[in-house]
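Biologist: Please examine this model with me, one question at a time.

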Amino acid sequence: MRMIFIGPPGAGKGTQAARLVDRYAIPHISTGDMFRAAVKNGTPLGKKAAEYMNAGKLVPDEVTIGLVRERIAQDDAKEGFLLDGFPRTVPQAEALKEALAADGVSLDAVLLLEVDDQLIVDRIVGRRSDPETGTIYHLQFNPPPAEIMDRLVHRKDDTEEACRARLDAYHAQTAPLVPFYDAEGLLKRVDGVGKPDQVTERIVAALA
Ligand code: AMP
């Protein structure tokens, strides 16, 4: 199964992706996670990406496309993958299509997780993640256990200002992927509002 996940920042892609990869036994490939790891390790890629990420802007296509091409060529992604946060622009989608076609394969589904802008800001500003397990919590909507509170991480780009910039980038640069994949007959729209379990059920139904 080769799938991609699109939707605004804070739509729940990361939370749902973690569940889907278990269910379908495919690797979860998140370009945001890959960039954050590069920033943490202080690599040249991380240094280049950090300035864009902190401003809520997209990292340039040529950097991102190279990173994903290398990742999907690895052994664990040969039979399938779930791409989360990539593609985010039409040139990235075209590059992905080309890379897959060169291997004689293609995408099976594109999931669009739909959530209104006003809910996104509330979700993002309260979001915290556990660096030990990767679990994503929300201070109000999905409260973490009290004993792990001290180790939770608040992403640098999860402020209201960076969130609004990321929403602007989503509408300007990523939303055009919706008609792109609709025209290819791959798009599956899923309502992302509700409890995580309800959203998972909708996704599984959409993929069935
Ligand atoms: P995410 O965790 O998916 O919200 O990504 C966090 C940040 O990483 C984004 O705001 C961008 O700065 C950068 N990023 C992640 N994926 C991409 C992509 N496909 N194209 C460009 N920038 C990206």
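Biologist: Is the crossing in which H6 passes H7 left-handed or right-handed?

Modeller: The model is predicted: local features need pLDDT of at least 70 and side-chain atom pairs count only at pLDDT 80 or more, whereas totals for chains, interfaces and linings use all residues. Residues are numbered from 1 along each chain as its sequence is written, and side-chain values use heavy atoms, leaving out hydrogens and water. A crossing is left-handed if the near helix is turned anticlockwise from the far one by less than a right angle, and right-handed if clockwise. For H6 and H7 (DSSP runs of H or I, at least four residues, numbered from the N terminus; strands are runs of E, at least two), the crossing is right-handed.

Biologist: Which term describes the orientation of H6 and H7 to each other?

Modeller: H6 (residues 117-125) and H7 (residues 160-174) have axes 10 Å apart at an angle of about 135°, the axes being lines fitted to C-alpha atoms over the stretch in contact and the angles running from 0 to 180 degrees between N-to-C directions. Angles under 35 degrees count as roughly parallel, over 145 as roughly antiparallel, 65 to 115 as roughly perpendicular and the rest as oblique. The two helices are therefore oblique.

Biologist: Which residues of H7 does H6 meet?

Modeller: Contact means heavy atoms within 4.5 Å. From H6, the participants are Asp117, Ile120, Val121, Ile124 and Val125. Their partners in H7 are Glu160, Cys163, Arg164, Arg166, Leu167 and His171.

Biologist: What is the angle at which H2 and H3 pack?

Modeller: H2 covers residues 31-40 and H3 residues 44-54. Their crossing is left-handed. With the axes 8 Å apart, the angle is about 115°.

Biologist: Which residues touch the most other members of the largest nonpolar core?

Modeller: A nonpolar core is a set of buried (under 20% relative accessible area) Ala, Val, Leu, Ile, Met, Phe, Trp, Tyr and Cys residues joined through side-chain atoms within 4.5 Å. Of the 24 residues in the largest core, those touching the most other members are Ile6, Leu96, Leu107 and Tyr181.

Biologist: Which residue is joined to Phe86 by a cis peptide bond?

Modeller: The bond has an omega of about -5°. The partner lies in the loop between strand S3 (81-84) and helix H5 (90-102). That residue is Pro87.

Biologist: Is Ala25 buried or exposed?

Modeller: Ala25, in the loop between helix H1 (13-24) and strand S2 (28-30), has a positive phi of about 50° although it is not a glycine. Its relative accessible area is 67%. Since exposed means over 50%, Ala25 is exposed.

Note on methods. Buried < 20%, exposed > 50% of the residue type's maximum accessible area, 1.4 Å probe, protein only.
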